[in-house]
Structures are given as C-alpha cells and as structure tokens.
Amino acid sequence: MMIDENIVTKAIATRFFHKFLDSVELDVAIVGAGPSGLTCAWRLAAQGFKVAVFERKLSLGGGMWGGGMTWNEIVVQEESRHVLDEAGVPVFEFAPGYFTADAVAASVTLASKACLAGARIFNCMSVEDVCMRGEGEDVRVTGIVVNSSPVEMAGLHVDPLALSCTYLIEATGHAMEVLHTLTRKNGVRLKTPTGEVMGERSMWADTAERTTPENTREVFPGVWVAGMAANACFGGYRMGPVFGGMLLSGEKAAREIAAKLRG
Ligand code: 48F
C-alpha cells in the first residue's frame with residue numbers, strides 16, 4: 001500500500017479533535033497522571049463516566065517510574081496490593097506485609113488500564129487555571145483551563161482553552177498547582193482546618209500512608225484532592241516510595257465521586 005501523507009494528517013487531526021470535542025463537557029477532569037490520578041481515572045471510566053486526565057508531561061505515571069531515588073521498584077502494603085493484582089501487575093512479598101512491584105510495570109499498566117477503560121488521556125497539556133461560577137455560598141469550580149505544555153514551557157503569550165467538568169480532581173502531587181492557583185487568584189477558603197493549603201510535612205511513612213486516603217475528599221465545591229496533593233493540602237506527612245496510599249486514594253476518590261454523580 002502507498003502511504004499518502006495527507007491522509008495521515010487528516011486521520012490524526014480528525015481523530016484527535018473528535019476526542020477533544022467529546023471531552024469539552026466532562027463528568028470528571030483529573031489533573032495529573034500519577035498513580036492516584038490514573039487509578040481514579042481507571043475506576044471512574046470503568047463505570048462509564050466521562051473522565052479525562054490532563055498531564056503536563058509526555059509520559060504518564062508521575063513519580064512512580066523512578067521508585068526510590070531512581071531505583072525503579074515500588075513498595076505497597078497488604079491493604080493496597082489488590083489494585084496492582086487487579087491490574088495484572090506482578091507483586092512480590094518482600095517481608096510480611098511489604099510487597100514490591102516493578103515501577104515501570106506499575107506505571108505502564110495503570111496507564112493502560114485507564115486508557116482501555118475509556119478514560120481520555122491528554123498528555124502534554126497543562127492545567128493553568130479553573131473556571132468559577134457563583135458568589136459567596138454558591139461559588140463553585142465548574143471547569144479547567146488548559147494550555148499546551150510546549151506553549152507553557154516556551155513562555156509564549158497564547159491563550160488557553162476551557163473545558164467544563166462536574167468535578168475536578170487535583171492529583172498533581174507535591175505541587176498542588178490547582179489549589180494554589182484557586183486560592184491565590186480568588187481569595188477563597190478551602191475546607192481545611194486553616195481554610196488554606198496547609199503544606200506538606202517531612203517524612204513519616206506510616207502516618208502518611210494512613211492519612212493519604214483520609215485526606216482524599218472535596219476541598220472546595222467541585223474540587224477534590226487525591227494522592228500526595230491530598231496529604232499536602234491537609235498538612236500531612238510525605239511517605240517516599242511507598243505507593244499504596246496513592247492507589248487507595250485514587251480508588252476512594254473514584255468511589256465517592258461516582259456515588260455523587262449517580263445522585
Ligand atoms: O506526583 P505524582 O506521581 O502524583 P501522585 O499520584 O503520586 C505521588 C507519588 O508519585 C510520589 C509520592 C509517594 O507515593 O509522594 O510523589 O500524588 O504525579 C503528578 C502528576 O501531575 C502532573 C505532573 O507532571 C505529574 O505527572 N502535573 C503537575 N501539575 C500539573 C500536572 C498541571 N498543572 N497540569 C497538568 N499536569
């Protein structure tokens with residue numbers, strides 16, 4: 001068969017814009033394709049919700065690829081290994097209750113599960129702002145404002161585009177970019193004890209793993225936090241290369257948001 005470059009161009013443009021146009025009104029927009037965001041996307045898409053993940057980088061997996069200090073193995077605990085088991089990632093017991101998995105296998109498999117379940121993945125797109133509606137008690141985040149990552153990296157003066165969502169999930173890890181933008185630009189108070197982003201504390205893996213799922217919740221009308229962002233938002237500790245809490249956090253966000261979407 002002769003390859004016609006024009007057909008290749010039309011195929012990519014047509015298919016991409018079909019995918020993008022179909023994502024302008026979302027049930028859930030997830031910012032960040034780390035382990036919590038991907039798990040959440042997989043679980044929501046598998047239930048038929050319209051969900052898209054926006055990831056600044058070309059690659060998916062966030063901080064999971066590098067394991068600890070680039071030694072590409074991760075640790076999960078008993079309570080969370082079912083997520084990797086269900087995804088088909090081989091898991092090995094190292095010591096009673098401590099399981100390891102290949103960080104690359106975990107990253108690519110969770111990404112694959114999310115994609116194949118029907119989540120739209122927009123890599124190389126950065127979320128730079130949110131859409132707001134209402135005043136006072138009725139204020140709510142109703143969407144995201146996205147731009148091409150190369151535009152952002154080059155510092156070009158190019159306007160972004162907006163998409164709507166019923167729920168936005170901040171899964172950007174340590175950075176908490178969405179919450180910082182939301183509070184800085186709008187002067188609003190979050191549902192944290194201080195009303196602000198509390199910031200992450202130093203390492204205490206045991207406590208951090210427990211509080212990551214606990215802190216996974218709605219932090220502002222329309223905005224949920226998941227993964228490391230949940231802990232950092234509520235002043236929790238960090239946990240290093242233990243990833244069980246990330247998986248459980250993604251699962252919890254998906255479970256609770258699905259229940260809300262179903263009404
Ligand atoms: O940091 P990340 O892996 O998030 P996570 O799911 O997992 C945290 C762990 O990797 C690790 C840890 C121990 O378990 O603490 O750090 O909480 O992935 C966050 C992703 O969000 C992307 C970023 O490139 C990364 O891949 N991201 C950050 N800001 C934006 C963004 C943004 N504004 N727009 C799009 N993507």
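The exercises below work through two helix pairs, the cysteines and one buried threonine in a predicted model.

Residues are numbered from 1 along each chain as its sequence is written, and side-chain values use heavy atoms, with hydrogens and water left out. Because the model is predicted, local features need pLDDT of at least 70 and side-chain atom pairs count only at pLDDT 80 or more, while totals for chains, interfaces and linings use all residues.

**Exercise 1.** Describe how helix α2 packs against helix α4.

*Solution.* Helices (H or I, at least four residues) are DSSP runs numbered from the N terminus, and their axes are lines fitted to C-alpha atoms over the stretch in contact, with angles from 0 to 180 degrees between N-to-C directions. For α2 (residues 35-46) and α4 (residues 103-117), the axes lie 8 Å apart at an angle of about 30°. That angle makes α2 roughly parallel to α4, a term for angles under 35 degrees. Next, take the contact itself, defined by heavy atoms within 4.5 Å: P35, L38, T39, A41, W42, A45 and A46 in α2 meet S107, L110, A111, K113, A114 and A117 in α4. These residues divide into 10 nonpolar, 2 polar and 1 charged, where Ala, Val, Leu, Ile, Met, Phe, Trp, Tyr, Cys and Pro count as nonpolar, Asp, Glu, Lys and Arg as charged, and the others, Gly among them, as polar.

**Exercise 2.** Treat the pair α7 and α9 in the same way, then place T212.

*Solution.* The axes of α7 (residues 205-214) and α9 (residues 244-262) come within 8 Å and cross at roughly 10°, and the two helices are therefore roughly parallel to each other. On the α7 side, E209, T212, P213 and E214 meet G244, G245, M246, L248, S249 and K252 of α9. By class, this contact has 3 nonpolar, 4 polar and 3 charged residues. T212, found in α7, is buried at a relative accessible area of 0%, buried meaning under 20%, exposed over 50% and partly exposed in between, with a 1.4 Å probe and protein chains only. Leaving aside neighbours within four places in sequence, T212 is in contact with G227, A230, N231, M239, G245, M246 and S249.

**Exercise 3.** Count the disulfides and account for C40 and C115.

*Solution.* With a disulfide taken as a pair of cysteine sulfur atoms within 2.5 Å, the count comes to 0. For C40, the closest cysteine sulfur, in C165, is 12 Å away, too far for a bond; C40 is buried at 1% relative accessibility. For C115, the closest cysteine sulfur is that of C40, at 15 Å, again too far for a bond, and C115 is partly exposed, with a relative accessible area of 37%.

Terms used
Parallel < 35°, antiparallel > 145°, perpendicular 65-115°, else oblique.
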